[in-house]
Amino acid sequence: MRNAKCSIDHQKLLTVIGRNIRDERLLKLLRGMLKAGYMEGWQYHQTYSGVPQGSVLSPLLTNIFLNELDTYIETVLIPSYTKGQRRHANPDYNALTNAMQKAWREGNREQYQALRKRRSTLPSREPQDPSYRRLRFVRYADDVLLGFIGPKAEALEIKKQIGIYLDTLGLTLSEEKTLITHATTGRARYLGYDVYIAHSNSQRYDKRRSINGLPMLSVPPEVVQEWKSRWIRNGKPYHRTELLNCSDYDIVGTYNVEFQGLVNYYLMAHDVALKLYPVKWVYLQSLVKTLAAKHKQKVTWVYRKRRVSIDRSQK
């Protein structure tokens, strides 16, 4: 689940805060801040819900309010949708294991390899074990991600129950963003990352199957395309005219800061180098063309004169 619309009801928020805070002066100050309104186009607008945009207290107030959702999921939903210690063993997998052991004892290497190849396509545990359920969740601000091991029907029940509970808080579940995705065949978007569960039937058993079942983070293709298109015109990278009056050092530094910031954000993705290399190439070509335009030279002149600086900026 992602993005409940946070038009927070002021009275409900003050009620939540007032459970543990008895200082009426502080509550009066918060009430006044919430009701203060805002100026737009030199016109005053009254606020009836939500937290002040841009205020340093806004993230804190939002987290205090959404802690109600955290508590509900932790104390009601997770206990209700968690059962079993571990999945039962897959009988087909165990049967192939026994056959492999027999083939090994008999010295039949060809049969052993054939059985091993067949076994590598099966999970060692029963994936549809009806006696095993798990529900986990993580939230950052109003971005929420839940992971559930179980049938889709129960996932729909969880979504419905969360929607009902959010109604009691005066919040609305964003239907267009609240998606149910099969984690091994699809990907969920969370904080700009694609999240999925790794699965491989590779015959390189020792190198690939060990990742099966692990949650993975990936750079979304849309992010790559958006950053590539920033400095591409008519299918080719182009120079940035707004930097032509800057020094060479500042031009290289600007490109470096922008690209390095992107890389640092997606550093937890397993494919960050593979996915962002095309972006790096576009940035490098745009950088070279910007330096060439500044000095009214060809790009070959830039490579010959500034190769060391460019290489350092891309590390």
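Me: Before we look around, what do "buried", "exposed" and "partly exposed" mean here?

Reply: Buried means a relative accessible area under 20%, exposed means over 50%, and partly exposed is in between. Keep in mind that this is a predicted model.

Me: Thanks! Why is leucine 191 called partly exposed?

Reply: Its relative accessible area is 29%. Partly exposed covers values between the 20% and 50% cut-offs, so leucine 191 belongs in that class.

Me: And why is asparagine 234 called exposed?

Reply: Asparagine 234 has a relative accessible area of 76%. Exposed requires over 50%, so the label fits.

Me: What makes the phi of leucine 191 worth pointing out?

Reply: Most residues other than glycine have a negative phi. Leucine 191 is not a glycine, yet its phi is positive, about 55°. You will find leucine 191 in the loop between E7 and E8. Asparagine 234 also has a positive phi, near 55°, and lies in the loop between strand E10 (232-233) and strand E11 (236-237).

Me: How do you know that E7 and strand E8 pair?

Reply: Pairing takes at least two bridges. Three bridges join E7 to strand E8 (residues 193-197), so the two count as paired, and they run antiparallel. One example of bridge partners is arginine 189 with aspartate 194 in E8.

Me: What makes strand E7 and strand E9 edge strands?

Reply: The open sheet has three strands in the order E7-E8-E9, with antiparallel pairing. Strand E7 (188-190) and strand E9 (215-218) each pair on one side only. From one strand to the next, the twist averages 35°.

Me: How do you know that the length of helix H10 agrees with its number of residues?

Reply: Helix H10 (residues 272-295) has 24 residues, and at 1.5 Å a residue it should span 34 Å. Its end C-alpha atoms are 34 Å apart, so the two values agree. H10 does have a kink of about 35°, centred on proline 278. Just after H10 comes lysine 296, with a positive phi of about 55°.

Me: How confident is the predictor, and where is the pLDDT below 50?

Reply: The protein averages a pLDDT of 85, and 86% of the residues score at least 70. Over residues 1-5, however, the pLDDT is below 50. That stretch has 28 contacts in the model beyond near neighbours in sequence. Where pLDDT is low, the predicted coordinates should not be read in detail.

Notes. Residues numbered from 1 in each chain as written. Predicted model: local features only at pLDDT ≥ 70, side-chain atom pairs only at ≥ 80, totals over all residues. Heavy atoms only, no water. Helix = DSSP H or I, 4+ residues; strand = E, 2+ residues; numbered from the N terminus. Expected span 1.5 Å × (residues − 1). Bend = angle between axes of the 7 residues up to and from the residue. Axes fitted to C-alpha atoms, helices over the stretch in contact; angles between N-to-C directions. Buried < 20%, exposed > 50% of the residue type's maximum accessible area, 1.4 Å probe, protein only. pLDDT = per-residue confidence, 0-100. Contact = heavy atoms within 4.5 Å.
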